[in-house]
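Thanks for making time this morning. I would like to walk you through one structure, taking it slowly for anyone who has not seen it before.

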Amino acid sequence: MSRWMCVLMLATIGCVASIPDDATLTADLAVETAIVLVAVPDILPDDEPKPGDTCPNCEGRGYVGDGKVRVPCQPCGGGGKVK
Ligand SMILES: [Zn+2]
């Protein structure tokens, strides 16, 4: 299990605790939470990246963050390339 899955599970658990009995809404909130955690909004991809391309989420760095806080890039798993 990856660290990313742990984050998703924690986010989902938190949402389930506050918003019961709506799996779709819970999933949406989990995804939104996840995006907030890892994504840089300015460089969200417009189209579907191909395997081997430079990761659009981290621009090939393998992590996202402001230079002080670094979070491993989840779309590419920290490799800087689209899986
Ligand atoms: Zn990446």
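The secondary structure of this chain, in what I should say at once is a predicted model, amounts to two helices and two strands, and if you follow the sequence from its beginning, these elements come in the pattern α-α-β-β. Helix H1 covers residues 3-18, helix H2 covers 23-38, and the strands are E1 at 63-65 and E2 at 70-72.

Before we turn to particular residues, let me give a few values for the chain as a whole. It has 83 residues, of which 22% are buried, and its exposed surface comes to about 5,800 Å², with carbon and sulfur atoms supplying 60% of that area. If we take the contacts with a separation of 6 or more, 35% of them are between residues 24 or more positions apart.

Now to the metal site. Which residues supply the protein donors of the zinc ion? They are Cys-55, Cys-58, Cys-73 and Cys-76, each through its SG atom, and these atoms lie 2.2 to 2.3 Å from the zinc ion. Written as a spacing along the sequence, the donor residues read C-x2-C-x14-C-x2-C. Within that set, Cys-55 and Cys-73 link distant parts of the chain, since Cys-55 sits in the loop between helix H2 and strand E1, whereas Cys-73 sits in the segment after strand E2, 18 residues apart from Cys-55.

Why is the arrangement around the zinc ion called tetrahedral? The four donor atoms subtend angles of 104 to 115°, and because the rule for four tetrahedral donors asks that all angles lie between 85 and 135 degrees, the site qualifies. For orientation, the ideal angle for four tetrahedral donors is 109.5 degrees.

Are these cysteines buried or exposed? Cys-55 and Cys-73 are both buried, and for Cys-73 the relative accessible area is 0%. Cys-76 has a relative accessible area of 4%, so this residue is buried as well. I would add that a search of the whole structure for disulfides finds zero.

Let me stay with Cys-76 for a moment, which lies in the segment after E2. Leaving aside residues up to four places away in sequence, Cys-76 touches Cys-55, Cys-58, Gly-62, Lys-81 and Lys-83. The C-alpha atoms of Cys-76 and Cys-55 are separated by 6.2 Å, although the two residues are 21 residues apart along the chain.

The loop between H2 and E1 deserves a second look. Asn-57 has its place there, and it counts as buried because its relative accessible area is 8%. Between the C-alpha atoms of Asn-57 and Lys-81 the separation is 9.7 Å, with their positions 24 residues apart along the chain. Glu-59 lies in that loop too, and although Glu-59 is not a glycine, it has a positive phi of about 60°.

How many salt bridges does the count come to? The count comes to one, formed where the side chains of Lys-50 and Asp-53 meet, at 3.5 Å from N to O. As for their surroundings, Lys-50 counts as exposed because its relative accessibility is 52%, while Asp-53, at 29%, therefore counts as partly exposed.

Finally, I would like to go back to the beginning of helix H1, where we find Arg-3. With a relative accessibility of 60%, Arg-3 counts as exposed. The C-alpha atoms of Arg-3 and Gly-77 are separated by 9.9 Å, while along the chain the two residues are 74 residues apart.

If you take one picture away with you, let it be the zinc ion with its donors Cys-55, Cys-58, Cys-73 and Cys-76, set in a tetrahedral arrangement.

Terms used:
Residues are numbered from 1 along each chain as its sequence is written. This is a predicted model: local features need pLDDT of at least 70, side-chain atom pairs count only at pLDDT 80 or more; totals for chains, interfaces and linings use all residues. Side-chain values use heavy atoms; hydrogens and water are left out. Donors are N, O and S atoms within 2.8 Å of the metal (3.2 Å for Na, K and Ca); water is not among the atoms, so sites may look incomplete. Four donors count as tetrahedral if all angles lie between 85 and 135 degrees; four count as square planar and six as octahedral if opposite donors are over 155 degrees apart and all others between 65 and 115; anything else is irregular. Helices (H or I, at least four residues) and strands (E, at least two) are DSSP runs, numbered from the N terminus. Buried means under 20% relative accessible area, exposed over 50%, partly exposed in between (1.4 Å probe, protein chains only). Contact means heavy atoms within 4.5 Å. Accessible areas come from the Shrake-Rupley method with a 1.4 Å probe; for residues, only the protein chains shown count as cover. A salt bridge is a side-chain nitrogen of Lys or Arg within 4 Å of a carboxyl oxygen of Asp or Glu. A disulfide is a pair of cysteine sulfur atoms within 2.5 Å.
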